[in-house]
Amino acid sequence: MWHIAKREIYDNLNSLRFALATVLLFGLMLTNAVVHLREHPMRMQKYHDAVTESLNRSRSRTHLYDIAQRGPGLLYKKPSSLHFCADGGDIFLPDAVHILIRRITDGLMGFWQLDYRPATHNSKNIRPDTIKVDWGFVIGYVLSLIAILFTFDSISGEREHGTLRLMLANSIPRHTVLIGKFLGALVSISVPFTLAVLMNLLVISTSSDVQLGTEAWNRLGIIFFIAMLYLCLFLALGLLVSSRVQQSAASLVILLLTWVIFVVFMPSTLASIASGFSTPMTYDEFRERRTRLYIQLSDEYVTRLQDAREHPAKRIALGGEYVTKDAAARERLSQEFLDQQHAQIQLGRSVTRISPVAIVQYLLEVFAGTGFERHQQFVENAQRYAREYREFVTDMDRADPESLHIIGIPEGMSKKPINSESIPTFEDTLSLSRDFNTAIIDLLLLALFFVVLLSGAYMVFVRVEI
Amino acid sequence: MITTLIRRELLDNLMTFRFAAAVFIMLLLVVANSAVLIKDYERRLAAYNTALKTEHQQLRERKTYSAGGLDVARPPNPLSIFNVGLDKRLGNEIWISHGFVPTLWDARMQGTTNPLLNLFSAIDIVFIFEVVLSLMALIFAYDAIAGERERGTLRLVLTHPIRRGHILLAKYISAMTCLLVPLLVSLLLAAILLTTSTAISLSIGDFLRIGGIILSSIVYLSVFYLIGMLISAVTRRTGTALMLAMFVWGFWVLVYPNVILAAIAPPQTSQARMVSTYDQIKQIWDEFDRERKHFLANDAVPGEDPHFGMVGEGSHFGIIGGSGFNYAYFYRNPSRLEYFYLAGSNIGKLTEESKPRVPHAQNYYHFLVPQTINTAERAWLVRKQALETIFVQPAIIDRILLRCSPVGMYDAATQAWAGTDLHGLRDFFQVVRKYRRTLIDYYYDKKAFGSQQWFSADKGAVDWDSLPQFSFQRSDVRINAARALPDLLLLIMINLFLFMIIFLVFQRSEV
């Protein structure tokens, strides 16, 4: 078996395709590193500036009512240091959760709520559309194409030349031939790929602006493993088609068309079709429901206020109740709106898992800490923080015996100055174990694809006539 | 003799597996994606119609001239199904006010159901052609000469008294005919799908534009076929030719367009230019503010309150028991070079004590509004140039870089035909700016600035019915053609050039 693999490797090393593939991989990985080094410091700078500004703004408040009414500053998503692995369409994802405050009447101010505004960076962009050159592109598109170009003739080519017959005459079992071919191709592609990856990481880690911690290296290790699994998958596909088809030209045509469909078109087309089946609330519907909510709440308030005209204490209590109710109801509504949008995307993404390139893309996004899954995590973090923040306000108010404990009205709340250091701050965190749990199904799916294709290739090759 | 050759080649090509695969895959992709695209277009059109209705409603809610600007919606382009270009990405609603000259950077996105859907990149018909047609052309071409040479049939053919040029021509014509089948059939199916949709109505001009897109597609296809043929002519073996062809395809279609834009750093000077322009615009408005304050200081009502303390009744969006609203502030957005002054009020019924203030306010607005318009025009002159250098120029450079690949030329040409390129989009904003001038002229005619209706509806609300209507027509087909022509000619020239090289190589090569 090693003999066959070795022969295959020697054959490949001397070929034109090996040289071209190496040049291509190195060029792409170098571009990726250079672009990352150029863009990442700017991204981090922007994030830090924004966070400091938002923190300063919230720290400047000392009255509990102010803290409770205005809420924290904007909550920003922390850029990932592994952004070069997968861009994850970050330009289409909002990088912050906003804070919305509504004026209810001229005298009554509403409380803050989390406001999920869509990303707008791209709506001013007039530069041409391109795919980001990240590892996801290099692995998903280029590596798979190279895998196909290395395997399309590995069996059919030998059959055409008649060397396959010679080889099998030497009483070598067929599966040994197949595994040898597979290993040979795997080694001859993974060597330049690994070198290109190492060069990329070397360039990136030499810069002082970009720090990669232990966890980042662990993540990179997993990403490399995924890339290898994906490469194996396409090699198996190549072998399968190559052993089934008589001519290598036909084998290449089939492989290329499969590749084009699965890699280039399937992810977006299927996702677009699938997401058409889910119809989330439209923005107009949302706005209408919100207006109805406002009217309903204010009508209720106004009628109850009329009964309580003579009792100032009761009016305060009513105002407080109104404000808290209004904030909670508004937040529920926008949460529902957001959840429906996320569910639609989720549906589109789960359908595209038929295509291995989509799986790899999602896996890379998860482990690189970018993209949609990460965004959902960020939104969850923001929501958890919002709860913490509100609890903090209630706790502070409860701790003051002089307060009327009516949250929502300046007169009803504690007037003690608050130490701004004690206000909880937002921390956007990532955990590898959690990411791993979300990714495990995708990983298994990818492995399953590989096993099915490889055993398919084995079955076909064993039964084929030479 | 050449007809015999063409017939032979045609039969050879038509009977192959690759031909069947090409037809099948093109039909599959074009039909599936057309359905998605048409649905998407219908959704955008519905959003546009809703936007028109909301704009109309909002206008009716305003009781005074200064209660707010007007919103103008941008209709989606039906030809964006072929090449979406910038049509879907850029803002589709723009706000018009007398105090600000709008550009495409000030438009906002309205009516998208789920903005996160952008995560799934839209695949338009031209993109399918870009990827699949070029691949098909190379697959058809790689063995055109090398294959015959390998099998020895080339030698046989050349024993007949045939010119070598004729062989090339026959091969080219027959392969192109075969490749046109999937192209035209899939486009025909797409056209049928288009006409079945009730939301889409295409004019004769649109059909001419589609014709232009088809023409560009054919020329693009031919470029890739000739590249394949060239590779086939210079290589000895089909295996090498195939490998080279695939890498050339991967490079031009996949790698080059994405890498070149990532690798070229955005110009660093733009930040400094942004800041200096913003300061310049701010200075213009500061000057305006000084004059404004000066005017207020000389007024008989003491203080600097631009609303002279007028109060009354009136709707105030979403607030219980509103008393109308006043506003006066400088709008600032350095990232888009926006800096302008907004002032106005929307008060229904004025209170008795406010009524003596009315002549003061009238006097003030009579001075303020023309001043605002003048300042806005002056600031616009500065802003226009800055936007041109900071945003438009890098985009133009990007497009020039993309044109180093036939894919870029093809994309640019089809965008120009469809009217979804930068020019097409800017046409709309040109019309919007013209409309703004019309509105200002209308206000002058109505003497709106000095009237009480500018800020209060005490003496009756504004009659919006006589307001000039906004209408936008996409540019004429001839203009589209003129914009597409440079790229189309470039593609044709590449065709001729490649054919000449192949001819020379083939003429001198040994058989």
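**Exercise 1. Work out how α9(A) and α11(A) are oriented to each other, and how they meet.**

*Solution.* The two helices turn out to be oblique to each other. Let's see where that comes from in this predicted model.

- Step 1: Find the pair. Helix α9 of chain A covers residues 248–275, and helix α11 of chain A covers residues 312–351.
- Step 2: Look at the geometry. They pack at an angle of about 135°, and their axes are 8 Å apart.
- Step 3: Classify the angle. Over 145 degrees would count as roughly antiparallel and 65 to 115 as roughly perpendicular, so this pair is oblique.
- Step 4: Check the handedness. The crossing of α9(A) with α11(A) is right-handed.
- Step 5: Pick out the residues. α9(A) brings A:Leu270, A:Ala271, A:Ala274 and A:Ser275, while α11(A) brings A:Gln344, A:Ile345, A:Leu347, A:Gly348, A:Arg349 and A:Val351.
- Step 6: Sort them by class. You get six nonpolar, three polar and one charged.

**Exercise 2. Describe the side of chain B that touches chain A.**

*Solution.*

- Step 1: Start with the counts. On chain B, 59 residues are in contact with 60 residues of chain A.
- Step 2: Ask which helices take part. α2 (17–61), α3 (125–141), α8 (238–263) and α10 (358–402) of chain B each give at least two residues.
- Step 3: Look for the main supplier. That's α8(B), whose 14 residues are the largest share.
- Step 4: Sort by class. This side of chain B has 39 nonpolar, 14 polar and six charged residues.

**Exercise 3. Find where confidence in chain A is lowest and where it is highest.**

*Solution.*

- Step 1: Take the whole chain. Its pLDDT averages 88, and 99% of the residues score at least 70.
- Step 2: Go to the extremes. Helix α6 (residues 163–169) of chain A is lowest, with a mean of 81, and helix α8 (residues 214–244) of chain A is highest, at 94.

Key. Residues are numbered from 1 along each chain as its sequence is written. Chains are lettered from A and ligands numbered from 1 in the order in which they are written. This is a predicted model: local features need pLDDT of at least 70, side-chain atom pairs count only at pLDDT 80 or more; totals for chains, interfaces and linings use all residues. Two residues are in contact if their C-beta atoms, placed from the backbone, lie within 7 Å. Helices (H or I, at least four residues) and strands (E, at least two) are DSSP runs, numbered from the N terminus. Ala, Val, Leu, Ile, Met, Phe, Trp, Tyr, Cys and Pro count as nonpolar, Asp, Glu, Lys and Arg as charged, and the others, Gly among them, as polar. Axes are lines fitted to C-alpha atoms, for helices over the stretch in contact, and angles run from 0 to 180 degrees between N-to-C directions. Angles under 35 degrees count as roughly parallel, over 145 as roughly antiparallel, 65 to 115 as roughly perpendicular and the rest as oblique. A crossing is left-handed if the near helix is turned anticlockwise from the far one by less than a right angle, and right-handed if clockwise. pLDDT is the predictor's confidence in each residue, from 0 to 100.
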